[in-house]
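Visitor: Could you take me through one part of this model up close? I'd like to hear about the aromatic rings and what sits around them.

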Amino acid sequence: MTTPSAPEPVPVPIRVLLPGDQEVVADLWSRRQARDGWRYEVGLPAYRNGPGDTVEPAEYRVWVRAPQHVRPVDGVSYGAVPTEYLERPSPVQEALGPRRPSGWVLVKAGGRGPGRGGVVHAVDCDEAPAGAPVLTLERALDVAQQPGVRLCSLCGAAAELDPVLKGFDRGFEET
């Protein structure tokens, strides 16, 4: 016994704005929500060379930005167009916002030998050099304990690593 498969999507007409102020009616196959807007997969009508000297109709599919490159066709419903939405952020992600990338970067100070120092930065710190090796938390803590190494206060490396280095119970000592 065969199971029924999902029906093939049927494209709907949409106006596509082409370079040079041209406009053509194309087929809208699907749409996808992106972080910076929408993308529509359109099939533009074209011709291609066939066998021998023949010319045959063809379709060129491309993703375009909406609404910058497309306009609806009057009287056409777009409700059945296959649509892919972004995953909704969890309530925690909404409350906290985007996560900062994990890892740490050491910017070495000049000079040679032990104790030459440097600064530990979060990977996304403006002072961290691009392409520098990323340190794990454990390695960043080891480096931070070396003589002459300090933690950046601009990016929060100091606020995030100091409690781990010095203990979380500071300030709760009995007097």
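Let's start with Trp38: is Trp38 buried, partly exposed or exposed?

Guide: Bear in mind that we're looking at a predicted model. Trp38 comes out as partly exposed, because its relative accessible area is 26%, and the buried class stops under 20% while exposed needs over 50%. Its ring has a partner, too: a search of the whole structure turns up 1 aromatic pair. That pair is Trp38 with Tyr85, ring centres 5.7 Å apart and planes at 85°, so call it edge-to-face; the cut-off for that label is over 60 degrees. The two rings come from distant parts of the chain, 47 residues apart. Trp38 belongs to strand β3 (residues 37-49), whereas Tyr85 is in the loop between β6 (83-84) and α1 (91-96). As for Tyr85, its relative accessibility is 56%, so Tyr85 counts as exposed.

Other tryptophans have charged company instead. Arg32 lies over the face of Trp63, 4.0 Å from the ring centre. With Trp29, the charged end of Arg61 is placed over the ring, 3.7 Å from its centre.

One more tryptophan shows up around a histidine. His121, in strand β8 (residues 118-122), is buried, with a relative accessible area of 6%. Beyond its neighbours within four places in sequence, His121 is in contact with several residues, among them Trp104, Glu127, Cys152 and Cys155.

Technical notes
Residues numbered from 1 in each chain as written. Predicted model: local features only at pLDDT ≥ 70, side-chain atom pairs only at ≥ 80, totals over all residues. Heavy atoms only, no water. Helix = DSSP H or I, 4+ residues; strand = E, 2+ residues; numbered from the N terminus. Buried < 20%, exposed > 50% of the residue type's maximum accessible area, 1.4 Å probe, protein only. Contact = heavy atoms within 4.5 Å. Phe/Tyr/Trp six-rings, centres within 6.5 Å; stacked < 30°, edge-to-face > 60°. Lys NZ or Arg CZ within 6 Å of the ring centre and 35° of its normal.
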